[in-house]
Amino acid sequence: MKTQLPIAIAFLSGFIMVIAFFIPEQHLEDFSQNLLTFVTIVGGFTLLLGIVSIMRANIQVVVKRGKEWGFKLLLILMLLTMSISSFIWGTREGTVYHWMFQNMQAPMMSTMFSLLAFFIASAAYRAFRARTKEATILLVTSVIVMLGRIPLGQFLWDKLPIYTDWIMAYPNLAVQRGIIIGAALGAASMSLRIILGIERTYMGKG
Amino acid sequence: MFRTLRLKYLATLLTLLCVFAATAQAAESEQDTLAITIAPPADLQVNDTPDDGGGSLTLTWKLSPDDTEKLGDIDGYEIFRASRRDTSLKLISMVGDNTTSFTDAGLERGQEYSYALRAKRGDSNSLLIYSDFAQPKINWFRSYRLNMLVLLLVFSASVLLYIRSAKGGKSLFIRKLAGLEAVEEAVGRATEMGKPVLFIPGISDLDEIQTLAGLSILGRVARITAQYETPLVVPVLYPMALAAAGEVVKGAYLDSGKSDSFKPDMVRYVAGEQFAYVAAVNGIMLREKPAANIYMGAFYAESLLLAETGFAAGAIQIAGTAMPEQLPFFIAACDYTLMGEELYAASACLSKEPLMLGSLKGQDLVKIALVGCILLGVIFELLQFGDGFFARLFLER
């Protein structure tokens, strides 16, 4: 029962979604829409699980004075401050939550994203070393594309942007489409396995 | 004398009435002249909207001769509706100029509706034109999706055929994926070094099929870590993924007879925001120094941030995603990368179960058919054969 019921729910939900895609019946469309809303509601409830998980893991370290317990304590305090302040004063402009989000969380997230520039540089350095024939082709192509995308490239040779556009529009796009078609078929096959109950590993079975 | 006076009054009254009537008629006529300075649209047709659930009608008409490309010649068209039940015309919408169709949605199925239309510019209107009555009808199939239904049926038949064939004991050849072969090697390395294995099931929720594919692979990886008794760390971004990943890992440890080795903290909810999650996972990589990092699922801008940190920490790295934009980053920073469909095939390949492998063979058959269609399409387009008929067969709407 513990295995069969989730498989039956997965089968029915998947089957109804497929039927609703082809048949424009209002009740079916409403039902499939309600299923999506249901997912959102379940997601909201599972947030409690997330909070329990994060609190349990960090409180244990703080209580035992484990490695870097100070950071864990800070995390717990910030989680509580933002949650409680949003419950009391809301999240609109001028509230504690909004101030903390704008002046603490958003800049920290931007900082993490900005680090990408340095990581791209280090990864590009390794990827573009012309050690093999394929790596050399990659290096030459990437130099053409990078130069063709900046004014300096056009200044050096006015036809460079044309070759850049050609590389992006034909070889690059062809490969991307190949990957996308393969991935779409793979996703369809996986969905079919899930709907038919063949693939059960994602439920912790099989 | 009194009678003559009464007749005079009567004559005067009649004259006044005539003058008033004439003045009113003249005013009305003047107003009409003003109102019909715009030519009306023509040929208003109302039909059931095709391929819908039966709650709408589609109106089409020919533009007013005054509705030209010139800006401001008319403001648009006012649309009125009446029904058999309520015959008074009510304004329901106004559409812009150079528009020749309108879909009226939210109608009652089975009720008959009629429409009127007029062009409008400022305070002036054209004469109204009227349509016949029409009834919204339910359509049982979206005919424009016939091509997708055919593809779905062919695909399903192919997959089911191979699954049946595999059930019958037929041996199926599936090419080896280097990335998957390396999973056991990576876990073995972590075991020898006494360090954990880090598994990241992407940063999408459970409604993303790549996350489900990642969780299926997690199940296989967890079985190996359970056998070797290697620590496993699974940080997740979404609480729903936390619950699912927890069940997957727990199930794998139970199946391997190592339920004592399972710890709930193996699967951790670390953050609910993309870059906060990156900070948390990078922290795990640098503090706990996992010997193997496995990335399987949907990734976005964080892919390189994670993979480069893992590379710097000296871990063996295996990635798999169907996001074409992130593949180059993983290829540059990881030791092995599963590309696109390989991610979805990974769980089946790792399980080695005939039923799962059969679905892969069925998928391959359809892929061959699609390659054939692409080649045919290229030939037809080059020869300009059929006026694009073949390409239109594959249009998605």
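**Strand β10 of chain B and its neighbours**

In the predicted model, B:V234 of strand β10(B) has B:V267 in β11(B) as its bridge partner. Strand β11 of chain B covers residues 267–269 and is joined to β10(B) by three bridges, the two strands running parallel. Between these strands the chain passes through helix α5 of chain B (residues 239–255), and the resulting β-α-β crossover from β10(B) to β11(B) is right-handed.

A parallel pairing also links β10(B) to strand β9 of chain B (residues 197–200), here through two bridges. In this pairing B:V197 lies opposite B:L232 of β10(B). The connection from β9(B) to β10(B) runs through helix α4 of chain B, residues 209–228, and this β-α-β crossover is right-handed.

The surroundings of β10(B) were then examined residue by residue. Strand β10 of chain B spans residues 232–236, and five of its five residues are buried, so the strand is largely enclosed by the rest of the structure. In a regular strand, side chains alternate between the two faces of the sheet. In β10(B), B:L232, B:V234 and B:V236 point one way, while B:V233 and B:P235 point the other way. Residues of both groups are buried.

At the level of the whole chain, chain B is divided into two parts: domain 1 comprises residues 42–130 and domain 2 comprises residues 172–352. The centres of domain 1 and domain 2 of chain B, taken over C-alpha atoms, are separated by 57 Å.

Notes
Residues are numbered from 1 along each chain as its sequence is written. Chains are lettered from A and ligands numbered from 1 in the order in which they are written. This is a predicted model: local features need pLDDT of at least 70, side-chain atom pairs count only at pLDDT 80 or more; totals for chains, interfaces and linings use all residues. Domain bounds come from an automatic or database domain assignment. A residue is buried if 20 or more other C-beta atoms lie within 10 Å of its own, exposed if 12 or fewer, and partly exposed in between; C-beta atoms are placed from the backbone. Helices (H or I, at least four residues) and strands (E, at least two) are DSSP runs, numbered from the N terminus. Two strands pair if DSSP finds at least two bridges between them. A crossover is right-handed if, with the strands pointing away from the viewer, the path from the first strand over the helix to the second runs clockwise.
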